[in-house]
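Good morning. Please have the sequence and the structure open, and I will go through the fold and then a few single residues.

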Amino acid sequence: MTFIDQNAFGLLLSFHDIENAEYSLGPEEFVERFELFRSTVLEHARSKPLASGLSALDLGHALYFEFEDGDQLLDPMPWLRELHKTLTLEDFEVVAVLSHGGRWVEVEAAPSRPPEAELELVRAKHPSEALRRALYADTASHGSDGDDGWGSGVFVDEDAISALKRAFKNAPTALRVAGATFFRIGG
């Protein structure tokens with residue numbers, strides 16, 4: 001197996017107040033609610049293809065998309081903002097994160113192996129800095145006590161701003177977590 005390190009963008013859409021929905025709704029209503037969240041995100045991704053080679057990972061409380069830097073078909077910032085707005089119109093509290101970093105990609109197909117007995121192994125990705133950074137922001141949105149974090153909103157990684165060759169018109173407040181710097185750009 002041969003792996004290469006490549007730059008990638010990551011986009012995380014997280015159902016920020018899922019715990020509130022789970023404990024305030026009945027079982028059927030809660031299932032309908034999180035299914036609406038998932039279907040709204042996936043419908044947006046299918047109707048507005050963001051990048052060639054786009055991968056999606058369902059984390060249960062969130063959906064994460066990743067693609068190689070340079071493969072974008074649309075600008076990821078407006079795409080993310082539009083999806084965030086669509087979700088908030090459905091009364092979802094959402095954390096939307098655009099991140100950037102290196103990821104490891106297999107360049108040769110691995111030989112197929114028989115599945116392990118009684119164990120289904122689902123691999124999310126090979127190591128991905130973009131995924132880790134997106135999860136940092138999602139965690140920071142909740143804070144250490146569940147109510148003192150950044151809150152819901154649209155957040156962009158400083159490295160994503162640089163990779164997109166963008167600059168802010170003003171000097172937004174830097175939000176730091178786990179060695180990464182994010183900025184709130186909406187919500």
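Two definitions to begin with: helices (H or I, at least four residues) and strands (E, at least two) are DSSP runs, numbered from the N terminus, and two strands pair if DSSP finds at least two bridges between them. This is a predicted model, in which local features need pLDDT of at least 70, side-chain atom pairs count only at pLDDT 80 or more, and totals for chains, interfaces and linings use all residues. Residues are numbered from 1 along each chain as its sequence is written, and side-chain values use heavy atoms, with hydrogens and water left out.

First, the hairpin of β2 and β3. Three residues lie between its strands, and G60 has a positive phi near 90° there. The two strands are antiparallel and share four bridges, with β3 covering residues 62-68. One of the pairs joins A56 to F65 in β3.

Now the whole chain. It has five helices and seven strands, in the sequence pattern β-α-α-β-β-α-β-α-β-α-β-β. How are the strands ordered in the sheet? The order is β2-β3-β1-β4-β5-β7-β6, in an open sheet with mixed pairing. At the edges are β2 (55-58) and β6 (175-177); each has a single partner strand, so one side of each has no neighbour in the sheet. On average, neighbouring strands are turned by 30° against each other, direction ignored. Such angles run from 0 to 180 degrees between N-to-C directions, and the axes are lines fitted to C-alpha atoms, for helices over the stretch in contact.

Next, the helices on the sheet. Contact here means heavy atoms within 4.5 Å. Helix α3 (residues 76-89) lies across β1 (3-15), β3, β4 (94-106), β5 (153-157) and β7 (180-186), and runs at about 135° to β4. Helix α4 (residues 129-142) also packs on the sheet, touches β1, β2, β3, β4, β5, β6 and β7, and makes about 155° with the direction of β4.

The length of α4 can be checked. The expected span is 1.5 Å times one less than the number of residues. For the 14 residues of α4 that gives 20 Å, and the end C-alpha atoms are 21 Å apart, which agrees. Just after α4, G143 has a positive phi of about 75°.

On to burial. Buried means under 20% relative accessible area, exposed over 50%, and partly exposed in between (1.4 Å probe, protein chains only). By that rule, 40% of the 187 residues are buried. In α4 the buried residues include L131, R133, A134 and D138.

A nonpolar core is a set of buried Ala, Val, Leu, Ile, Met, Phe, Trp, Tyr and Cys residues joined through side-chain atoms within 4.5 Å. The largest core has 32 residues, and L13, F37, F65 and L98 have the most contacts inside it. A second, separate core of 17 residues includes L131, A134, W150 and V177.

Two single residues remain. Is T40 buried or exposed? T40, in helix α2 (residues 27-47), counts as buried because its relative accessibility is 13%. Not counting residues up to four places away in sequence, T40 touches L83, T86 and L87.

P127 sits in the loop between β4 and α4 and, at 49% relative accessibility, counts as partly exposed. Beyond its neighbours within four places in sequence, P127 contacts R103, W104 and R132.
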